[in-house]
Amino acid sequence: MVEEVKLKRTLKEYFGYDSFRPQQENIIRSVFEGNDNLVIMPTGGGKSICFQLPALLLPGITIVISPLIALMKDQVDGLTANGIPAAFLNSSQQEKEQQEIFRKIELNEIKLLYVAPESLQYIDAVFSAGNISLIAIDEAHCISSWGHDFRPAYTQLGYLKNRHPQTPMIALTATADKATRQDICDQLNIPYATHHISSFDRKNLSLDVRPGNKKFEQILVFLKGRRGESGIIYCLSRKNTEELAAKLKAKGYEAEAYHAGLSHSDRISIQENFINDKLEIICATIAFGMGIDKSNVRWVIHYNMPKNLEGYYQEIGRAGRDGLPSSTLLFHSYADVVQLQKFAEGSGNAEVQLAKLERMKQYSEALTCRRRILLSYFGEIIPRDCGNCDVCKNPPEFFDGTILAQKALSTIYRLREQEPISMVIDVLRGAQNAQVLEKGFQNLKTYGISQDVSWRDWQQYMIQLINQGYVEIAFHDQNKLKLTSLAKNVLFDHQKVLLAEVTQAEIKKSPVVAE
Ligand code: ADP
Ligand code: ZN
């Protein structure tokens, strides 16, 4: 057993820290006890030390499986600079370079060896060359197709434990709900792993969700007073990242697009400029950010909805790693939901992905504290509302929306449940567009019965009606709106419907007018 003094001394000497963060010490102790360990700790929580520090004190070498080939060199350089003998093996190296590494392994001159999952073919040679004390699997959620960033190469990792049953393993990730955790341990063959689950509550991150209309204008308002701060805007498509970066540049911001379609050297230089505060804003697809160690990202915006809460939490978690107040903003739009729904349906495990998307959607449409919803998703209950999300700051006011609901539901009924949300709203508001007129909807009894409510408000009310279970979207049938049995109670039994006051809540909320 390692004494506390020795741990602390090593922490100070090699990493420069005076004390461990919550959980780090327990995890490290468990590693020394020879257990397999599963570590779930939010981004920025300090996972690396949980295997880097043991690596220094254990007799042999620690293998780190990491998907971040592009960053391996930087990571290793960083460690070497701190006096930690580290190296990496991947397919980009010359044979000579690799031979040199193997020589050092044999001489026990390397404590940490980073290996890409694609380069596992080297592992047996490493095992025969050196004395392996520990295997660390970084970003372990990549092994699970239930997780949000499945990497096929990771599935081969199950073989490690079979082949080397005596070598303890530590799997680490920032994002895994219960099902994913189980799947990670199953796939890695570590059924008896000790689980270390840290609190996911990142109190310094404010949570904000706004309707996704006039997004660029909203972003400009958001950016006022934030000159020089580092921020990330996540988009769904490469095209979006480029358009957005161009528009921001035109407004005088230092912004760049970042996505997997860029050349390796472009990506590296953008990352470096961002890390060194030479670039304010990165407009990125989710390709960006894994393993980026930048503590002073002050804000993260989701231009589009993420496909699930794990991805969302991971991405917003890149803000405020230094613990200082940081802002996150998610634009919620119906169009994104529809698009993500299509992606999910086309994916391998559509059912799971659709259910996860549904949770994401519920989160963004929530009328209760968002942090509660988010944390409960990861199995954590907080005793009170957070006070640092938009719902807490501007709790919605409810009003008796029965008449509005009756108008909407009877319109859907008169449209014979054959039209999507946009047409229902057009009919309610008496729109005179070609589609309406062609279909003769101007002759319906409910045509134009609610011109007093804006298009946008109607959209919000419709979403609430969907959320409250009065209306369903037929995703397999051109997104036509269908009435549920609950709707019949409203239409025929005068059941009361409460709606949240959107216009008011949004005027209070929308940065376009608020700041
Ligand atoms: P993760 O891998 O969980 O995202 P890192 O291991 O990269 O997190 O650590 C996040 C940041 O916290 C890094 O800047 C790291 O140097 C710092 N850190 C880690 N442990 C400690 C500690 N015990 N005391 C102070 N800072 C720490
Ligand atoms: Zn809250």
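The following exercises, each with a worked solution, concern a predicted model of a protein with a ligand.

**Exercise 1. Overall composition**

Determine how many helices and strands the protein has, and what share of its residues is buried.

Solution.
1. The secondary structure comprises 23 helices and 17 strands.
2. The protein has 515 residues, of which 42% are buried.
3. Contacts between residues at least 6 apart in sequence give a view of the fold; 73% of them join residues at least 24 apart.

**Exercise 2. The nonpolar cores**

Identify the residues with the most contacts inside the largest nonpolar core, and the element that gives the most to this core.

Solution.
1. The largest nonpolar core contains 77 residues.
2. Within this core, Ile-233, Cys-283, Ala-408, Val-424 and Met-462 have the most contacts.
3. Helix H18 gives the most to the core, namely six residues.
4. For Ile-233, residues up to four places away in sequence are set aside; Ile-233 then touches Leu-244, Ile-281, Cys-283, Ile-301 and Tyr-303.
5. Another core, of 54 residues, lies apart from the largest one and has Ile-40, Ile-63, Tyr-114 and Ala-174 among its members.
6. As general background, nonpolar side chains in soluble globular proteins tend to be buried together.

**Exercise 3. Geometry and burial of helix H4**

Compare the span of H4 with the expected value, and establish how the buried residues of H4 are arranged about its axis.

Solution.
1. H4 covers residues 69-81, which is 13 residues.
2. At 1.5 Å a residue the expected span is 18 Å; the distance from the first C-alpha to the last is 19 Å, close to that value.
3. The buried residues in H4 are Met-72, Gln-75 and Leu-79.
4. Viewed down the axis, the buried residues of H4 fall within an arc of 75°, and therefore line one face of the helix.
5. The spacing follows a general rule: an α-helix has 3.6 residues a turn, so residues three or four places apart point the same way.
6. Asp-77 and Ala-81, on the other side of H4, are exposed.
7. The buried residues of H4 pack against strand E3 (86-89) and strand E4 (112-115).
8. Just after H4 comes Gly-83, with a positive phi of about 80°.

**Exercise 4. Helix H8 and the residue that follows**

List the buried residues of H8, state what covers them, and describe the backbone at Asn-189.

Solution.
1. Thr-180, Arg-181, Ile-184, Cys-185, Gln-187 and Leu-188 are the buried residues of H8.
2. Because these residues cover an arc of only 165° around the axis, they are on the same side of H8.
3. Their cover includes strand E1 (37-40), strand E5 (132-137), helix H7 (158-163) and strand E6 (169-173).
4. Asn-189 follows H8 and belongs to the loop between helix H8 (178-188) and strand E7 (194-197).
5. The phi of Asn-189 is positive, about 60°, although the residue is not a glycine.
6. Asn-189 has 17 other C-beta atoms within 10 Å and is therefore partly exposed.

**Exercise 5. A positive phi between two helices**

Locate Glu-417 and classify its exposure.

Solution.
1. Glu-417 is in the loop between helix H17 (402-414) and helix H18 (421-428).
2. Its phi is near 55°, a positive value in a residue other than glycine.
3. Glu-417 has 16 C-beta neighbours inside 10 Å, so it counts as partly exposed.

**Exercise 6. Helix H1**

Decide whether H1 lies largely in the open or is buried.

Solution.
1. H1 spans residues 4-15; its 12 residues should extend over 16 Å at 1.5 Å a residue, and its end C-alpha atoms, 16 Å apart, agree with this.
2. Of these 12 residues one is buried, so H1 lies largely in the open.
3. Gly-16 follows H1 and has a positive phi, near 80°.

**Exercise 7. A contact distant in sequence**

Find the contacts of Leu-498 and its separation from Phe-398.

Solution.
1. Leu-498 lies in strand E17 (residues 498-500).
2. With 13 other C-beta atoms within 10 Å, Leu-498 is partly exposed.
3. Leaving aside neighbours within four places in sequence, Leu-498 is in contact with Phe-398, Asp-400 and Gly-401.
4. Leu-498 and Phe-398 are 100 residues apart in sequence, yet 6.0 Å apart in space, C-alpha to C-alpha.

**Exercise 8. The ligand shell**

Characterise the residues around ligand 1 by proximity and by class.

Solution.
1. There are 15 residues around ligand 1; Tyr-17, Gly-45, Gly-46, Lys-47 and Ser-48 come nearest.
2. By class, the shell holds four nonpolar, seven polar and four charged residues.

Note on methods: Residues are numbered from 1 along each chain as its sequence is written. Chains are lettered from A and ligands numbered from 1 in the order in which they are written. This is a predicted model: local features need pLDDT of at least 70, side-chain atom pairs count only at pLDDT 80 or more; totals for chains, interfaces and linings use all residues. A residue is near a molecule or strand if its C-beta atom, placed from the backbone, lies within 6 Å of it. Ala, Val, Leu, Ile, Met, Phe, Trp, Tyr, Cys and Pro count as nonpolar, Asp, Glu, Lys and Arg as charged, and the others, Gly among them, as polar. Helices (H or I, at least four residues) and strands (E, at least two) are DSSP runs, numbered from the N terminus. A residue is buried if 20 or more other C-beta atoms lie within 10 Å of its own, exposed if 12 or fewer, and partly exposed in between; C-beta atoms are placed from the backbone. The expected span of a helix is 1.5 Å times one less than its number of residues. The arc is that of the directions from the helix axis to the C-beta atoms. Two residues are in contact if their C-beta atoms, placed from the backbone, lie within 7 Å. A nonpolar core is a set of buried Ala, Val, Leu, Ile, Met, Phe, Trp, Tyr and Cys residues joined through C-beta atoms within 7 Å.
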